[in-house]
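Please work through the exercises below with the sequence and the coordinates open beside you. Each task is followed by a solution that goes step by step.

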Amino acid sequence: MPLSSDIPLLTPVGAGLQPDPLQAPPPGGLRHGSRVHRPGGGGPWAELILGRHYLGLIMGLATTGVLTWGLGRSALWLDESASVMATQRSWSHLWTLGQGAETPLLPYYVLLKLFTGGARILVPALQNHPEVLYRLPSVIVTVLAGWVLTAWLSRVAPPRLVVACGAMLLLTTGFSRFGQEARPYAAVLFLAVVVTVLWSVMAHDTRWRWSVGYALGVAAMISLHTLSAGLLAAHLVATLVCRPQRSLLLRTTMAGTLGVALASPLILTTAGNGTGPLYIYPDVTPRYTLGLFVRLFTNDQSPLLLVGPVLLLALVGLVQVLPGPFTFVARLAACWALVPLIAMVPVLLVHPNLLVGRYALFVVPAWALLAGLGVVTLADRARALLTDRPRAATALATAVTVALIGGTTALEAHSQTGIRTAAGHREDIRPALALAARPQYADLRIVVNSRNGAVEVGVYGRALEKRLVMQRVQREGPAIWPDPVPAEDVKKVLREKNQLILLQRYAIEPGCDQTATPVPAAEIDLCEPKLLKNFGFHVQKIEPAGDGWVFALMRKDRR
């Protein structure tokens with residue numbers, strides 16, 4: 001496709017000519033200083049912020065309702081506990097994390113510490129609800145992401161498409177799960193939405209302010225998550241297939257390069273120190289990789305749907321990349337959804353430990369857009385069956401839309417409720433620590449079978465830290481994960497003690513997944529640390545302790 005600035009503002013739709021949303025006036029109603037007024041708002045700027053027909057505001061309120069639902073119910077899991085541990089450090093000790101593997105997360109830790117410090121001052125009661133306190137920043141930026149995306153979409157697409165896309169986004173499991181998680185992924189998703197909307201504005205408005213905003217947004221996004229740089233490639237491809245203009249290609253390239261340059265000090269530091277997850281799944285197959293990605297959209301992969309309803313509808317929505325009324329939105333969403341994933345492939349070949357589904361969360365809004373396009377596509381196909389009866393055709397299209405959204409809601413209900421259970425974020429150590437704090441167990445030392453799991457003890461049971469046998473929680477050095485206690489010191493404790501507490505976290509080893517309820521003593525004996533076996537410790541009693549963790553009272557065999 002040749003690069004040109006001469007693109008027709010009208011494309012054929014059905015039997016006549018209607019404005020193509022691809023060529024609609026720029027989001028915000030501004031072009032080179034001119035003002036465009038549209039119905040459904042209080043003027044161009046109100047419409048820019050609230051969205052046409054207030055759809056942006058409505059989406060913001062709906063997202064707030066979804067993300068505050070069950071916010072404090074799920075326990076902080078392992079990675080979230082690391083975020084809490086980081087903010088509990090003094091500022092001087094927090095900066096030392098920039099010398100170790102936590103370097104990529106340091107910008108997020110700094111922002112989280114600033115936010116939680118201010119929130120404690122403004123709302124002291126939040127101190128007693130750490131799950132809410134530490135997840136609140138992610139909730140806020142996810143609400144803003146939904147609001148901004150919908151407000152923009154309402155200006156380039158009809159309300160029926162906006163509603164369908166918004167519904168698909170809200171029903172996506174990863175949007176709720178990581179929108180309620182004390183990690184940087186929600187902030188990266190928000191910035192991905194912002195820079196994409198800014199790119200869309202740049203496509204219509206050549207004023208430098210948008211390019212500067214784009215560069216700053218790119219810098220912030222990459223600083224929080226280096227792998228999100230693939231979105232720049234998506235925008236360059238979108239420039240060629242959505243708005244083929246030489247000036248836009250040049251401005252996108254220059255602004256993106258400036259953004260990368262601004263983030264380069266952190267990128268270089270990350271490359272030198274950041275290692276990513278230490279664990280590499282031993283059997284990486286295409287099916288396993290696809291499963292990681294699919295779990296961003298659903299936790300219930302039924303044999304019939306395979307990839308879940310949202311992704312299935314998104315595959316249908318891809319047909320809209322062909323010339324038609326939604327070409328711009330469809331092509332931009334397709335570039336956003338696919339190009340970053342392709343860009344990650346060479347990185348993953350070199351660093352397979354970065355194969356983590358949530359690292360691709362920032363493409364989820366694009367897939368939601370495609371899913372919304374899928375809903376509208378099927379509804380329009382139904383409408384075409386009754387072209388000679390307009391009212392019946394409209395009623396049928398509406399019924400199909402409602403059925404698809406309602407069916408998706410029903411299919412995703414279990415996933416949505418599941419992530420809001422006590423162990424919805426993988427595990428819940430709180431019941432086990434409550435048992436360990438009981439007076440009858442107050443004198444017993446604690447063994448945690450997972451070295452990193454001791455981080456959760458440090459977050460929820462700080463008073464129990466001194467009772468840990470095998471790990472020392474780090475609050476000062478360049479690493480955030482616990483240090484192992486020297487073996488001789490551990491052996492000394494085990495020789496002296498005849499009874500202790502074992503907190504057994506589920507493991508991926510065969511027989512150690514703790515899926516049986518109640519967990520049998522034989523499984524605990526099989527999976528307990530080798531040192532406990534060497535000193536003859538066996539299960540004396542198992543107490544029910546929620547999901548993901550087991551509380552076991554261990555006694556040494558008499559010899």
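The exercises that follow concern a predicted model, and they take up helix packing, one helix in detail, and salt bridges.

**Exercise 1. Describe how helix 10 and helix 11 pack, and classify the residues of their contact.**

Solution. Two packed helices are described by the angle between their axes and the distance between the axes. For helix 10 (residues 208-224) and helix 11 (residues 230-241), the angle is about 145° and the axes are 10 Å apart. The next step is to list the residues that meet: Y214, V218, M221 and I222 come from helix 10, while L231, L232 and H235 come from helix 11. Sorted by type, the residues of this contact comprise six nonpolar, one polar and no charged.

**Exercise 2. Compare the expected span of helix 17 with the distance between its end C-alpha atoms, then locate its bend and its buried residues.**

Solution. Helix 17 (residues 390-418) has 29 residues, and because each residue contributes 1.5 Å, the helix should span 42 Å, which agrees with the 42 Å between its end C-alpha atoms. The helix nevertheless bends by about 50° at E412. E412 is also among the buried residues of helix 17, together with A393, A397, I405, T408, S415 and Q416. To find what covers these buried residues, one looks for their packing partners, which are helix 7 (159-171), helix 8 (173-179), helix 14 (309-317) and helix 16 (364-384).

**Exercise 3. Place the salt bridges of R358, R475 and K491 in the chain, and state how accessible R358, D79 and K491 are.**

Solution. Side chains of opposite charge can pair when their charged atoms come close. A search of the whole structure gives eleven salt bridges. One of them joins R358 and D79, at 3.0 Å from N to O. This pair links distant parts of the chain, since R358 lies in the loop between helix 15 (327-350) and helix 16, D79 lies in helix 3 (residues 78-88), and 279 residues separate them. With a relative accessible area of 13%, R358 is buried, and D79, at 12%, is buried as well.

The side chains of R475 and E465 meet at 2.3 Å, N to O. R475 is in the loop between strand 6 (471-472) and strand 7 (483-484) and E465 in the loop between helix 19 (454-460) and strand 6, so the salt bridge ties together parts that are ten residues apart in sequence. Both R475 and E465 are buried.

In the pair of K491 and E488, the closest N and O atoms are 3.9 Å apart. These two residues are separated by about one helical turn, because they lie three residues apart in helix 20 (residues 487-496). K491 counts as partly exposed, at 25% relative accessibility.

How values were computed: Residues are numbered from 1 along each chain as its sequence is written. This is a predicted model: local features need pLDDT of at least 70, side-chain atom pairs count only at pLDDT 80 or more; totals for chains, interfaces and linings use all residues. Side-chain values use heavy atoms; hydrogens and water are left out. Axes are lines fitted to C-alpha atoms, for helices over the stretch in contact, and angles run from 0 to 180 degrees between N-to-C directions. Helices (H or I, at least four residues) and strands (E, at least two) are DSSP runs, numbered from the N terminus. Contact means heavy atoms within 4.5 Å. Ala, Val, Leu, Ile, Met, Phe, Trp, Tyr, Cys and Pro count as nonpolar, Asp, Glu, Lys and Arg as charged, and the others, Gly among them, as polar. The expected span of a helix is 1.5 Å times one less than its number of residues. The bend at a residue is the angle between axes fitted to the seven residues ending there and the seven starting there. Buried means under 20% relative accessible area, exposed over 50%, partly exposed in between (1.4 Å probe, protein chains only). A salt bridge is a side-chain nitrogen of Lys or Arg within 4 Å of a carboxyl oxygen of Asp or Glu.
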